[in-house]
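The exercises below are meant to be worked through with the sequence and the structure open side by side. Try each task before reading its solution.

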Amino acid sequence: MAAVFREEAGRLTAALVKRLGDFNLAEECVQDALVSALEHWPREGIPNNPGAWLMTTARRKGIDRLRREKRYQEKLAELEEPAMNTSSATSLPDERLELIFTCCHPALAREAQVALTLRSVAGFTTPEIARAFLVPEATVAQRLVRAKRKIVDARIPFRVPDREALPERIEEVLAVLYLMFNEGYLATGDRGTHDRDLAREAEWLTGLLAELMPDEPEVFGLLALMRFNLARMDARFDKDGAIVLLRDQDRSKWDRRRIDETFTIVGRFLTMRRPGPYQLQALIAGAHADAKTWDATRWPDILISYDALLAIADSPVVRLNRAIALWHVHGAEQAYIEIFRLASDLDRYHLYHATRAELLRALGRSDEARAADRRALELTENPAERALLAARLT
Amino acid sequence: MAKYALLFFNDESFRDRSKDEVDAVYAEVTRWSQDLQGKGVLKGGMELQSKGTAMTVRRVNGAMRVFDGPFIESKEHVGGFAMIEVPDLDEAIRIAKAFPGGIEVRPIVEH
């Protein structure tokens, strides 16, 4: 049922927002319909045309709502219009791209963008969003209310941005999706097995975006990056729930078929010849995924990708990750000199100290290495990471 | 159509720049305003005198008092404002981006 909701909720929301011109109202109609489906479908089975069922229900619930509220009189006409009747075989036009860009508008706060996208495009309920991010339901509800109000009050338009604004706007959408993915990816299984998998939702949304915008290489870049990471998921945690570093992962647990399929996507974006940060990160992830063993990793290729990344998206974290490649190509000393410069920027970042520890160990400075590991442990709350760092200190 | 207030924020150090630099910025702002005026988008606006000329009226302990200085003490302050009328936020943002300086975009309440 989750898969059906995910597919249909987005289309339905988009169609209603377009017709009603009121994000909040459209959203509430869809929610009513989903709640109704949750009541009826387990008993009666999933209908043959779930989209039509949901649309009919949304319309009916919407009409009830509107009758109760005088100010929506003109909207009532929209819903009662026979052309909205989808009992015919034709499906709704896909306006989910407009919906995605609206939910990810830069005028909205990042958490609002994430919550709204999950809700409107992927059909998550408020409790599902709350569980995914481990925040109270009331917080999520408030975020959604504020975001929808802002869309109405500030007149955020329901459309795909024009060509001038498109690159910046796509970047914004990708940032939202990447954040969602990382939230899900770093989860340590605290969430219930019936809870929606945030990483896979983010992957699905990115896949949808790629379908809707097949000429945008950065979208394919992010999709490939996500899929390479997901292909390695089974090897990431050991039986005690501790994180296993890439270097130590059992590569037989990697999904080779998925990795090979993902290289097709890499090929696709390479032919477009418009490099960008997500594509470069995908190439790096691909280089790791391609290596049969840690020792077989082609570090010079990875370093080249990091150098290119630095040229377009320089940041302390990129420099930190590049330093690891530098280590394997030019030695630990040069890598250590490089990360030493990052001290003031990254002092609160646990992975900075964890990386420093590895380099110090490689340089034979084991006491300093232990001190760095301890510092890293102090700075992280994630139980799986703590388990790994604690193990290093014993 | 929707109305937005565009609030221009400056660093006070703007006035310490060379005459040529200041003139260049004013020329750009003038171009920007005239362009909007020509399109019928600009509905009003003013440059405000420098931060040093501001005073604030606030209620303190039940009585209205006057103080020297702007309402909020900060490095950047409002140097002027414009009111525009455009179809939607994306258009307001496009206009704000063309301005040579930082802008706060606020939708106006229509009663």
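**Exercise 1.** Which elements of chain B are among what covers the buried residues of α2(B)?

*Solution.* Begin with the helix itself, bearing in mind that this is a predicted model. Helix α2 of chain B runs over residues 89-97, and within this helix L89(B), D90(B), A92(B), I93(B), I95(B) and A96(B) are buried, a residue being counted as buried if 20 or more other C-beta atoms lie within 10 Å of its own. Next, look at what lies over these residues: the cover includes the strands β1 (2-11), β5 (76-86) and β6 (102-107) of chain B, together with the helix α1 (19-38) of chain B.

**Exercise 2.** Describe the contact between chains A and B, and state how the residues on the side of chain A divide by class.

*Solution.* Count the residues on each side: chain A gives 8 residues to the contact, and chain B gives 5 residues. Then sort the side of chain A that touches chain B, where 6 residues are nonpolar, 2 are charged and none is polar.

**Exercise 3.** Which element gives the most to the side of domain 1 of chain A that touches domain 2 of chain A?

*Solution.* First set the bounds: the domain assignment of chain A places domain 1 at residues 1-91 and domain 2 at residues 95-213. Between them, 16 residues of domain 1 of chain A are in contact with 15 residues of domain 2 of chain A. On the domain 1 side, the elements that give two or more residues are α1 (2-20) and α2 (23-44) of chain A, and α1(A) gives the most, with 11 residues. Sorted by class, this side of domain 1 of chain A has 8 nonpolar, 3 polar and 5 charged residues.

**Exercise 4.** Assess the overall fold of chain A and the confidence with which chain A is predicted.

*Solution.* Start with the secondary structure, which in chain A consists of 20 helices and 0 strands. For the dimensions, the C-alpha trace of chain A spans about 75 × 45 × 40 Å along its principal axes, and the radius of gyration of 24 Å agrees with the value near 21 Å for a compact globule with 394 residues. Turning to the interior, buried residues make up 38% of the 394 residues in chain A. Finally, check confidence: the pLDDT of chain A averages 88, and 92% of the residues score at least 70. Over residues 86-90 of chain A, however, the pLDDT is below 50, and this stretch has 5 contacts in the model beyond near neighbours in sequence.

Terms used
Residues numbered from 1 in each chain as written. Chains lettered and ligands numbered in written order. Predicted model: local features only at pLDDT ≥ 70, side-chain atom pairs only at ≥ 80, totals over all residues. Buried ≥ 20, exposed ≤ 12 C-beta atoms within 10 Å, placed from the backbone. Helix = DSSP H or I, 4+ residues; strand = E, 2+ residues; numbered from the N terminus. Contact = placed C-beta atoms within 7 Å. Nonpolar A, V, L, I, M, F, W, Y, C, P; charged D, E, K, R; others polar. Domains from an automatic or database assignment. pLDDT = per-residue confidence, 0-100. Rg over C-alpha atoms; globule rule 2.2 N^0.38 Å.
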